[in-house]
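Have a look at the chain below before reading on. The notes that follow walk through charges, sheets, cores and rings.

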Amino acid sequence: MAILVTSGRAALAAALKARAIHFAWGRGEPWWNTTGEVTAPFAGSPQSITLPHAPVAGVEVASSDGSIVYASPADYTWDALSGRITRVITGSIPAGATVKVTATYGRPDPGSGATALLDEVGRRVANSVEHVVPDENGLLQTADGNRWTISPVPTRHLYLSVLFEFAEAADQVIREMGIFINTVRAPGLPAALPYLAPGDILDPGTAFLIDRFAPIIRSPATRQGFTFVVTL
């Protein structure tokens with residue numbers, strides 16, 4: 001069986017480092033990580049209600065006037081992935097009852113076939129792209145708590161970071177981030193322009209990494225940084 005050896009992985013990382021790399025950020029879907037109420041009747045067979053969004057992180061079902069709070073799984077069951085709530089026929093929810101559902105929504109993970117952000121706001125050239133090695137005393141740190149030191153020779157670990165400036169997307173809520181390779185800017189834009197709005201992009205390039213997270217409410221009083229280590 002053929003094996004991609006460490007030196008080959010380091011060579012791939014070096015090839016990636018040589019490309020134009022941009023960090024893109026976007027709004028995602030406004031319902032991610034929110035709570036909403038739905039009033040609807042149980043219908044069908046088995047009697048169920050399907051929420052407007054999924055995945056779902058939590059559900060509370062009450063009578064339509066809120067005076068009775070039903071229990072799960074005695075009165076109803078719910079499926080996190082589909083957002084479907086099913087009435088239990090031996091429970092205390094009357095057949096065909098209209099109920100008030102309070103749902104806490106999660107956010108779907110990006111699929112491996114994703115090629116773009118759902119709702120991109122803009123993108124910025126990476127501030128730093130460096131080969132690194134794991135080092136518990138290293139000066140570079142990622143969100144997972146790992147520490148790294150810059151390597152003078154290519155390694156399979158590539159450290160990528162960006163710092164968006166104060167005015168960039170200053171009035172937006174950011175829920176997703178992507179790293180793109182070989183973005184082509186529109187004709188006539190200065191080659192040194194670090195931040196590109198969607199209208200400034202002729203070709204978005206190739207999506208390399210997409211991440212989604214709890215909403216970040218941007219403010220013109222702060223810069224916003226992101227850091228990843230990609231291991232090939």
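Arg27 is partly exposed, with a relative accessible area of 27%. Its side chain meets that of Asp119 in a salt bridge, 2.9 Å from N to O. Arg27 sits in the loop between S1 and S2, while Asp119 belongs to the loop between S7 and strand S8 (120-125), so this pair ties together parts that are 92 residues apart in sequence. And Asp119? At 29% relative accessibility, Asp119 counts as partly exposed as well, since the buried class stops at under 20% and the exposed one starts at over 50%. Bear in mind that this is a predicted model.

How many salt bridges does a search of the whole structure find? The search comes up with 5. Three of them are laid out here.

| Salt bridge | N to O distance | Burial |
|---|---|---|
| Arg27 and Asp119 | 2.9 Å | Arg27 partly exposed, Asp119 partly exposed |
| Arg123 and Glu120 | 2.9 Å | Arg123 buried, Glu120 buried |
| Arg212 and Glu176 | 3.9 Å | Arg212 buried, Glu176 buried |

Take the Arg212 and Glu176 bridge, with its closest N and O atoms 3.9 Å apart. This pair links distant parts of the chain, with Arg212 in strand S17 and Glu176 in strand S13, 36 residues apart. Arg123 has a second role besides its salt bridge with Glu120: the charged end of Arg123 sits over the ring of Phe180, 4.3 Å from the ring centre.

**The five-stranded sheet**

Strands S13 and S17 also meet in a sheet. Strand S13 (residues 173-181) pairs with S17 in the antiparallel sense, over 8 bridges. In that pairing, Ile174 stands opposite Ile216 of S17. Both strands belong to an open sheet of 5 strands, ordered S15-S8-S1-S13-S17, with antiparallel pairing. Which strands stand at the edges? They are S15 (195-196) and S17 (206-217); each has a single partner strand, so one side of each is left without a neighbour in the sheet.

**The largest core and its rings**

The largest nonpolar core has 23 residues, and Phe23, Trp25, Leu160, Phe164, Met177 and Phe226 are the ones with the most contacts inside it. Strands S1 (21-26), S12 (157-164), S13, S17 and S18 (224-231) each give two or more residues to this core. Apart from it lies another core, of 19 residues, with Trp31, Ile49, Val59 and Val99 among them.

Rings come up repeatedly here. The count of aromatic pairs comes to 7. In one of them, the rings of Phe23 and Phe228 have centres 6.2 Å apart and planes at 25°, so the pair is stacked, given that planes under 30 degrees apart count as such. Phe23 lies in strand S1 and Phe228 in strand S18, so the pair ties together parts that are 205 residues apart in sequence. Buried or exposed, what is Phe23? Phe23 is buried, with a relative accessible area of 0%. Phe228 counts as buried too, at 15% relative accessibility. Elsewhere, ring pairs link Trp25, Phe164, Tyr195, Phe213 and Phe226 into a cluster.

**Around strand S7**

Now for the strand that carries Val99. Strand S7 (residues 98-105) has two faces: Val99, Val101, Ala103 and Tyr105 make up the covered one, and Thr98, Lys100, Thr102 and Thr104 the uncovered one. S7 pairs antiparallel with strand S2 (residues 35-41) over 7 bridges, and there Ala40 stands opposite Val99. Strand S4 (residues 56-63) is joined to S7 by 7 bridges as well, and these two run antiparallel. In this second pairing, Val56 stands opposite Tyr105.

Pro55 rounds off this part of the model. It is found in the loop between strand S3 (48-50) and S4, and it is buried, with a relative accessible area of 18%. What is Pro55 in contact with, leaving aside its neighbours within four places in sequence? The list runs Trp31, Ala80, Leu81, Tyr105, Gly106, Arg107 and Pro108. Val99 is another matter: the C-alpha atoms of Pro55 and Val99 are separated by 20 Å, with their positions 44 residues apart along the chain.

Note on methods. Residues are numbered from 1 along each chain as its sequence is written. This is a predicted model: local features need pLDDT of at least 70, side-chain atom pairs count only at pLDDT 80 or more; totals for chains, interfaces and linings use all residues. Side-chain values use heavy atoms; hydrogens and water are left out. Two strands pair if DSSP finds at least two bridges between them. Helices (H or I, at least four residues) and strands (E, at least two) are DSSP runs, numbered from the N terminus. A nonpolar core is a set of buried Ala, Val, Leu, Ile, Met, Phe, Trp, Tyr and Cys residues joined through side-chain atoms within 4.5 Å. Buried means under 20% relative accessible area, exposed over 50%, partly exposed in between (1.4 Å probe, protein chains only). Rings of Phe, Tyr and Trp (its six-membered ring) pair if their centres lie within 6.5 Å; planes under 30 degrees apart count as stacked, over 60 as edge-to-face and the rest as tilted. A charge sits over a ring if NZ of Lys or CZ of Arg is within 6 Å of the ring centre and within 35 degrees of the ring normal. Contact means heavy atoms within 4.5 Å. A salt bridge is a side-chain nitrogen of Lys or Arg within 4 Å of a carboxyl oxygen of Asp or Glu.
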